[in-house]
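Notebook open, coffee in hand. I wanted to look up a couple of helices and then go hunting for empty space.

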Amino acid sequence: MKYVQIATPSVGPEELAALVESLESGWLTQGPKVKAFEEAFAARHQSPHALAVTSCTTALHLAMLALGIGPGDRVVVPSFTWVATANAAEYCGATPVFCDSDPETYNIAPAAFRRLVEEMAGRGQKPKAMVAVHLFGLMAGMDEIMATAGEFGLKVIEDAACAAGAALNGRPAGTFGDIGCFSFHPRKTITTGEGGMLLTADGQLAEKLARLRSHGASLSEEARHHGARPWMLPEFNEVGYNYRMSDLQGAVGLAQIGRLDGFIEERRHWAAWYGRELAGLPWLKLPEAPAGFEHSWQAYVAVVDEKLSPLGRDEIMEAMEKAGLASRPGTHAIHMLGYYRNKYGPQNLPQAGRLYRQSLTLPLHNRMAEEDYRRVADCLKGL
């Protein structure tokens, strides 16, 4: 019996040919393929500046550093997200402040975000920034978030790890805040193995990000080697990091970005199929995209109502595994994880906690066949 994975990257002859071309060129570190990938990604997302890095985690780290976030600063982040969102604030010595989720979209609740900022400002602890996470390919409510952030003078970072190709009222993910951060991990819609991307409309921020990702060098390796004096080392006036994407990854990314819209179209088709096929299960709340939100369906995440369900969420995942079908929780609630619980104490974020305990990710990716989707639906309907 075929095992249906929760996610499998869709790669083929285009990516292999791109790798061979890059290997034969002799340029393996950050170079022309990375630049071409950056330009293509920027064009697809209508952003003037894109910078490729090693992961979305390092993108988040660089974003916070470039925006001047450091010790003593507070950064609002949703609790229901991958731990890297909060870790990036910790890397900078800042304090992540957790906010609860919208039960319908799973993203940070704009009203809860506003109340939290008002309360913090009233105590003289106004945050310096916030991170808006676009979970599973659905954007957060950026209009309300940007209004609150603008009123209180907060910097905004978009954690668009899951949201390549997503949009809100036609405006692409990663272009609302000061900086947008993307992931190309194999579970994402397009992949470079590991890898990430930064988007910004601010030219000065882009220059700072470029220096920080390459040890703080005043000149990139590619520019130096192709310049008039390639033997001269660059100047280093700030501490930076080695967060550069390799040209091998850039070559794969360039092939993948050309397939992004096709991948999303296929995912939307099967997400709608799940919606129709599973609509009769009263114990399973299915995900939806509100009007104006262009969902890219990086993952299909439902919520189990354990009062109505024949089995608990974890028992459902166990039954699916026995049937050869992978499943996962949506993600975790960071405030409940050991490091953050021990450091900041227990917190009352009921929606994040409920989603952590009851969310259920079903297989959805571009290597699945119709029979795979039918097996998933039949398994759930047969519980």
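**Entry 1, helix H10.** I started with the burial list for H10, and it holds Leu260, Phe263, Ile264, Arg267, Trp270, Ala271, Trp273 and Tyr274. Note to self: this is a predicted model, and everything below is computed from it.

Next I asked what sits over those buried residues of H10. The cover includes three helices, H2 (32-44), H9 (247-257) and H14 (370-381), along with strands S12 (300-304) and S13 (359-362).

Then a length check. H10 runs over residues 260-277, which is 18 residues, so at 1.5 Å a residue I expected a span of 26 Å. The end C-alpha atoms of H10 are 26 Å apart, which agrees.

**Entry 2, helix H5.** I ran the check again on H5, residues 110-122. Its 13 residues should span 18 Å at 1.5 Å each, and the end C-alpha atoms are indeed 18 Å apart.

Which residues of H5 are buried? I got Pro110, Ala112, Phe113, Leu116, Val117 and Met120. Looking down the axis of H5, I found these buried residues within an arc of 160°, so they line one face of the helix. That spacing fits the textbook rule: an α-helix has 3.6 residues a turn, so residues three or four places apart point the same way.

For the cover over the buried residues of H5, I noted strands S2 (74-78), S3 (95-99) and S4 (129-133), plus helix H6 (142-152), among what is there. Just past the end of H5, I also spotted Gly124 with a positive phi of about 75°.

**Entry 3, the largest pocket.** Its volume came out at about 640 Å³. I counted 29 lining residues, and the closest to the pocket centre are Trp82, Cys162, Arg187, Lys188 and Thr331. By class, the lining splits into 12 nonpolar, 12 polar and 5 charged residues.

Which helices supply at least two residues each to that lining? They are H3 (56-66) and H4 (84-91). H3 gives the largest share, at 3 residues.

**Entry 4, cavities.** How many cavities of 30 Å³ or more turn up in the whole structure? My search gave 3. The largest cavity has a volume of about 70 Å³.

I wrote down the lining of the largest cavity: Glu104, Thr105, Tyr106, Leu135, Phe136, Leu138, Pro287, Glu288, His295, Trp297, Ala299 and Val301. By class, that lining has 8 nonpolar, 2 polar and 2 charged residues.

Note on methods:
Residues are numbered from 1 along each chain as its sequence is written. This is a predicted model: local features need pLDDT of at least 70, side-chain atom pairs count only at pLDDT 80 or more; totals for chains, interfaces and linings use all residues. Side-chain values use heavy atoms; hydrogens and water are left out. On a 1 Å grid over the protein atoms alone, a cavity is a set of points where a 1.4 Å probe fits but cannot get out, and a pocket is an open set with protein on both sides within 12 Å along at least five of seven lines; lining residues have an atom within 4 Å of a point. Grid points are joined across faces, edges and corners, and a volume is the space filled by probe spheres set on the points. Helices (H or I, at least four residues) and strands (E, at least two) are DSSP runs, numbered from the N terminus. Ala, Val, Leu, Ile, Met, Phe, Trp, Tyr, Cys and Pro count as nonpolar, Asp, Glu, Lys and Arg as charged, and the others, Gly among them, as polar. The expected span of a helix is 1.5 Å times one less than its number of residues. Buried means under 20% relative accessible area, exposed over 50%, partly exposed in between (1.4 Å probe, protein chains only). The arc is that of the directions from the helix axis to the C-beta atoms. Contact means heavy atoms within 4.5 Å.
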